[in-house]
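Here are a few friendly notes to read alongside the coordinates. I have kept them as numbered points so you can check each one in your viewer.

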Amino acid sequence: MVLGKQQGSCLYLGCIVFIAVAGTSLGHGTHDHDVFEDDNTIMGAGNCSPGDACYSMAAKTSGGIIPRGQQNATREQERFNRMTFAVREILECIGEDPDREGLLKTPKRVAKALLYMTQGYETSVADVVNGAIFHENHKNMVVVKDIEFFSHCEHHMVPFFGKVHIAYIPNGPVIGLSKLARIVDVFARRLQVQERMTNQIANALMEELTPQGVAVVVKGTHMCMVMRGVQKTQAQTVTSQLLGAFKDDEHLRKEFFDHIYQSN
């Protein structure tokens, strides 16, 4: 799904729902306010204000995917303009007036929030690890559990969130513990499905560390099942990926599961 696509803008209703549920605090992270134009103009619209015909025309572009992470200010402004215009379209599609006082700045707020919550597209595992791999004579299991994550369902664009439990058995190199949480964020902060995210985290650790084995368990609550559809508020989804020694050794698997499910 391309966030800036103009056609069928009503499909972006999930963006609005996501912001309302997530309650994300804006003005932090990569996409701060001063990266973009002020709240009452769009680049190329001159002195136009929201609601003016020239404002709408300036926001429209030829369409197409704008890749993330290119560090091109012009393209980033284009991305932001298109997203802002798309949110105005959503507001109109749901029967709202985007020019009333309470909604005047909502399109830009939503665009900024979505850019922050999907910044995994412009971050790599190598970037977040940043060389924090150390050679130690440690051959026993390392477990970091209860790593919180917040992600974005790619089917309805509403939140899913929960905890990730990670274990690995070093084969020489060990990784800085905070880097495990950062690797989770690389894959969580994008449009996702939990099954794929689980596999991506495990595979990334295998590639970075070449350990004897990696185990990842993710437990998530999906708002697409809670606030719509079947509306099952207590349902949780558990996914796992076991690689190397964890896949082959039942005793290692038991030790891992004992660690992550034991009472604190």
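1. Let me begin at a helix end. Asn72 caps the N-terminal end of H3, with a side-chain oxygen 3.0 Å from the backbone nitrogen of Thr74. Keep in mind that this is a predicted model.

2. The helix that follows this cap, H3, covers residues 73–93. With 21 residues at 1.5 Å a residue, H3 should span 30 Å, and its end C-alpha atoms are indeed 30 Å apart, so expectation and model agree. Just after H3, Gly95 adopts a positive phi of about 95°.

3. How many of the 21 residues of H3 are buried? The count is 15, so H3 is largely enclosed by the rest of the structure. For the protein as a whole, 45% of the 264 residues are buried.

4. Stepping back for the overall picture, the protein has 10 helices and 7 strands. If we take contacts between residues at least 6 apart in sequence, 70% of them join residues at least 24 apart. The accessible surface is about 13,400 Å², and carbon and sulfur atoms account for 49% of that surface.

5. Strand E3 (residues 159–169) deserves a look too: 9 of its 11 residues are buried, leaving the strand mostly covered. E3 runs antiparallel to strand E2 (residues 142–153), and 9 bridges join the two. In this pairing, Val143 stands opposite Ala167 of E3.

6. E2 and E3 form a hairpin with 5 residues between the strands, and there Met157 has a positive phi near 55°. If you are checking backbone torsions, you could look at Met157 along with Gly95, whose phi is also positive.

7. E3 has another partner, strand E6 (residues 213–222), which pairs with E3 in the antiparallel sense over 10 bridges. Within E6, Thr221 is the bridge partner of Phe161.

8. Finally, the cysteines. Which cysteine sulfur is closest to that of Cys153? It is the sulfur of Cys224, at 4.4 Å, which is too far for a bond. A pair would have to lie within 2.5 Å to be counted as a disulfide, and the structure holds 0 disulfides. Seen from the other side, the closest cysteine sulfur to Cys224 is that of Cys153. Both residues are covered: Cys153 counts as buried at 5% relative accessibility, and Cys224 is buried with a relative accessible area of 13%.

Terms used:
Residues are numbered from 1 along each chain as its sequence is written. This is a predicted model: local features need pLDDT of at least 70, side-chain atom pairs count only at pLDDT 80 or more; totals for chains, interfaces and linings use all residues. Side-chain values use heavy atoms; hydrogens and water are left out. Helices (H or I, at least four residues) and strands (E, at least two) are DSSP runs, numbered from the N terminus. Buried means under 20% relative accessible area, exposed over 50%, partly exposed in between (1.4 Å probe, protein chains only). Contact means heavy atoms within 4.5 Å. Accessible areas come from the Shrake-Rupley method with a 1.4 Å probe; for residues, only the protein chains shown count as cover. The expected span of a helix is 1.5 Å times one less than its number of residues. A polar contact is a pair of N or O atoms within 3.5 Å; within protein, one must be able to donate a hydrogen and the other to accept it, and residues adjacent in sequence count only if both atoms are side-chain atoms. Two strands pair if DSSP finds at least two bridges between them.
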